[in-house]
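Me: Please go through this model with me, chain by chain and contact by contact.

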Amino acid sequence: MKPAPFEMHLPTSVSEVVALLDEHGDLAKPIAGGQSLVPMMSLRLASFEHLIDLNGVSELNQVSVNGDSLRIGAMVRQSTAEHDPQIVKSAPLVAKAIPHIGHFQIRNRGTVGGSIAHADPSSELPAVALALDATIEAVGPNGSREIAAKDFFVSTWETSLIDGEILTGVRFPIWSGKCGFVVEEVARRHGDFALVGVAAAVQVDGSKVAKAAIALFGVGGTPVRASEAEQALIAGGTSADLDAVGNLAAMNLAPSDDVHASGEYRKAVAATIVARAIAKALKEAQS
Amino acid sequence: MSRNITLNINGAQHTVDVEDRMLLSDAIREKAGLTGTHVACEHGVCGACTILLDGEAVRSCLMFTVQAAGHEITTVEGIAPAPGELSVVQRAMQDNHGLQCGFCTPGIVTSLTAYLRDFPNASDDELKEALSGNLCRCTGYMGIINAARQAQKEIQGSAK
Amino acid sequence: MSGQAAGRYVGQSIKRKEDPRLLTGQGRYVDDVQLPNMAHVAFVRSNIARGKITNLDISEALQVPGVIAIYTGDDLNPYIKEYWHTMGGPRPALDDPSGAHPPASVLAPGDVRFVGDPIAMVIAENRYVAEDAAEMVIVDIDVEEPIIGLDMAVAHPEMKVHHELNKNFSGIMPYMEVPPVDEMMASAPHVVTRRFKQARATNVPMEPRGIIVKHDRGANEITIWSATQNAHEVRSFCARLIGFPAQRIRAIAGDVGGGFGQKMMVSRDEAAMMIAGYLLGDRPIKWIEDRRESLIAANQAREEWVDVTMAVTPEGDIMGCRVNFLEDVGAYPPGAGGGAGMSAGMFPGPYKMPVVIPQGTSYFTNTCGKAPYRGPWMMETVAREQMMDHVAAEIGIDPIEFRRRNIIHQSDLPYTTCTTLVYDVVTPEETLDQAMEMLDLAKFRAEQEKARAEGRLLGLGVGVYIEPSAIAFGILSSDQANVRMDENGKVLVALSSGSHGHSIETTMPQVIAEHLGCDIDDIIIMQGDTASAPIGPGTGGSRTAVIVGGACQTAAGKLKAKILEIAAHTLEANVDDLEVNDSVVSVKGTPAKQLPFAQIAAMAYMMPEMLPEGMEMGLEVSARYKPAGSFTYSNATHVCTVEVDPKTGMVKILRYIVSEDCGQMINPMVVEGQIAGGVVQGIGGVLFEHMIYDKDGNPLATTFLDYLVPTAPEIPDIEYGHIQTMSNSLGGYKGMGEGGAIVSPPTVANAIHDAVKHLGVHPTDFPLGPSQIRDLLVHAGAAV
């Protein structure tokens, strides 16, 4: 299990990265933490003539709050995001999702931006980005642009980034008031890809649910936003029938089978864990 | 493509010729001759190849050697305070029969060393979760978990 | 019932001598061996389960810079002289009605027979280049319909994996008509029939296979470094394979990173390395199996079905059983590969069964071959212990009471089973009692009832078994220890066995130090190198404590006797009046009259005048030990409690209790380590691990993301109870290396069954992952 030959490039700025990608086109691939990419290369499921290493690009390591959003630079390590006080405070759903990603050694190297750009449909952070209506920042040959999370995830391992473009950061809206944030998943073992999982956030105001955000992962080619379930929860308030909310969230899913679970299992369990996640989130918000 | 780089491993400089594609685990073993870092899956799951990169536990099979230049690498050979001695974690592993065949052991020693340094007050469940990134097929984990508990107590004690 | 008092060393949890080396990265495993001028191997493997190779083109691959040679089946297979393992014996004739070995080949002989089948081997300057070239070898295969799974093998006896054979099984125990038994069964008050299925698993040693072959033409010697459980088999297999004098072959195991049976025998890939290394000459070649290869092509196990029919009286007395063992041995097991014969003998286990009529077939399929895996016969316990719960449920009695009613008591010993095994010193009832005491059954049942009222599912599983440890027949009969006290009074020991995690650098010195009277730190163990090791079968069948231990104890005794004779002569005392403490011989009651071992050793080698007349100089003894019986029985009871999530099907193990009798424990810490390791492998086999194939014969668990080895958070703290009854083997030791893996699967399965049986769910098939459990609940109408 050894990767095919390639040339590694070690740029130190985003502009250098963009220039290298422009120069090498299809033959090049940016590498962030590499925790998904390197195994695929070692298994020879993927090969590239050029790798553009983002690890030396320090401008991608920043975390900052600008008004009502938290910006996490693409190369911020997952372990940093898990424990960074600013992230824990401003985007608790991000921090809570991260312990579910692999193992701490993986999170020490893996990055927030890498996980989102890799767009594995079983991953936590894409679902968090989708649930929270995050904004993806990208820089490419035509300059920088912003992409709404709902427009970012196209299919398994495919995003709306165009050739030569890299993800440079993600902005998460900061929720205020009485909120609850929960990531719930069913995985065969601790740290495994979720058979099915949910990222959920609620904001309550007395017995009202003012805001609700629910996104499922492990249930299709992309993370899936459960808008109808959110509406039902807002309509029903803190005493909403959570099983019904869960069923609404799962209703239109059509997950596929794999060796670990049937699609039917994923769909049924999606309803269960949405209900459980919302219950926990409401409890947290009300405490 | 290959290049000449210098790796800083356990405080010593190793200047090596490596292909760009060479995995760091292979360079540590074959170029620097430090065979304590074991390769057991090469896809980042088993944890046997775990090293410390600037003090943080990472999989050496999931990095390319050229990415490690300029960073400080610590392998299992660099954990004990002195030759012939054992670190707190290593001694706890021996005291609690935390190893049988020893193949997964280097990754457990490096991982626990870093984890307990950063999270000396981790709960028992958190300790077990921290160990979830290292597969062991011999011990059934009991000895390893008990070793982690003992090392944690010692580290907490010495911090007081 | 309690054992002998622990000695100074035997019975103590001595910290392991091997640990400081292994903890500091100083172990020496096969991949750590770097030889000058060494070349590296990558195999080209089939991605088709069955088909004819219509085109095999290596020309482009040969052009890759750094490629040294590429061999195919046509290049290597003709060099095979003989292909058989010492343990299995020479190959049966192709038309032998009782069974078969797969036809001998080291690389695919013109056709492929499983996904992973080695087709060609690339030898290059390094593994990276070898893999580059392997990708460029062109293989065209005319795909044929494979035999996948026992369903298909049973349904299509006319299909054959190996066209060279006249049958598609490696072994068979035919159906036997036994009219009295059939009449009894026909008229019995209760007759229950079940089919239990295990899921295919694989051993997963953390160190995959690996081998270096160096043929020194000048010296006419072959040296092999191998990740093996049995260096001698590597040597003798290689000698037979290529027709080379065994005495000119040296096989070295060094540190071995686990095996669990997978490394007992030489595999085809390794045999290919032997031939290629021999042919290449002077350029040593190294193959380190990567994990994908290990999961696809290193031998697997546990694809087994057991059909049990049990007749029982209304009171719950077992009247008799018919048992049919069906196993899938894949395409290329080493030898016949089956475990059904042994399973048949062990089926009665700890219970008094008046009659058991066995039957069995070991089918070839187009999948990876079957090899031993920790308790290769364990399907008997897996089936029997689940059957006890299913029958109890069927006739409406408590499964623990059902066991008690049929279990073998002390007053029954020695007990001869209906399968003619003789249990001399076993304690199944006592371990059951101890385990139940540790559990507090009443408390658990109360919790279970309370939980059920809340819609939660708790369950309790019990498993009892007898382990036929220290299997001692054929090449497995004996082991040897050569114990040499050097002229400085320190001890060097060469053992016929080797360790791949067995702690023998600690436990065997414990035995020797105990019986010689020296300090344990004065003993160094050499192992796993045929240049120094006496002949032996390596590890397997839980033999080390009993058989190697017996050899160590005997040798230590012989050496001590000679030391005492020399001391008695010098001290002018009777041997009977001497005692040994801390490597010093002294006269009882007159401690001033003493001689340290170092002084006696110096006399033995350098002062012939100090020795009794006629005594041979030197202090070197050897002892070969064979236990009196073919098995030394140990036993245990396991208890497990679980919670099943009715919505997700997830199982959480709450408690895991083991009460074990392995006779005199040499090192309780090591005993508990062996138990835990086996238990967790067994848990894996029920809840997580499944080496699954699709209908075309593609393995679907080819990485550690899909082949799920249990990790620390999945494991409860295991609770141990020990009962020590002395076996009739030397030292009172009993083996226990496999038991943890043998009985944990049915124990966990029984706990799940207990949690859901009131819902009408009676699981029989592994794995019991969340998806499977939820499906069972849905089918029973207990979940939506």
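Some questions and replies follow, after a short note on conventions.

This is a predicted model, in which local features need pLDDT of at least 70, side-chain atom pairs count only at pLDDT 80 or more, and totals for chains, interfaces and linings use all residues. Residues are numbered from 1 along each chain as its sequence is written, while chains are lettered from A and ligands numbered from 1 in the order in which they are written.

Me: In what order do the elements of chain B run from the N terminus on?
Reply: Helices (H or I, at least four residues) and strands (E, at least two) are DSSP runs, numbered from the N terminus. Chain B has five helices and five strands. Their order from the N terminus on is β-β-α-β-β-β-α-α-α-α.

Me: What is the radius of gyration of chain B?
Reply: The C-alpha trace of chain B spans about 45 × 30 × 25 Å along its principal axes. The radius of gyration is taken over C-alpha atoms, and the globule rule is 2.2 Å times the number of residues to the power 0.38. For 160 residues that rule gives 15 Å, and chain B comes close to this, so it is as compact as a globular protein of that length, with a radius of gyration of 16 Å.

Me: Which elements give two or more residues to the side of chain B that touches chain C?
Reply: Two residues are in contact if their C-beta atoms, placed from the backbone, lie within 7 Å. The contact takes 46 residues from chain B and 42 residues from chain C. On the chain B side, the elements that give two or more residues are helix H2 (88–95), helix H3 (105–118), helix H4 (124–131) and helix H5 (142–159).

Me: How many residues of H19(C) are buried?
Reply: Helix H19 (residues 739–756) of chain C reaches 27 Å from its first C-alpha to its last, close to the 26 Å expected (1.5 Å times one less than its number of residues). A residue is buried if 20 or more other C-beta atoms lie within 10 Å of its own, exposed if 12 or fewer, and partly exposed in between, with C-beta atoms placed from the backbone. H19(C) is largely enclosed by the rest of the structure, because the buried count is 18 of the 18 residues.

Me: How far apart do the C-alpha centres of domain 1 of chain A and domain 2 of chain A lie?
Reply: Domain bounds come from an automatic or database domain assignment. For chain A it gives domain 1 (7–53), domain 2 (58–173) and domain 3 (178–286). The C-alpha centres of domain 1 of chain A and domain 2 of chain A are separated by 18 Å.
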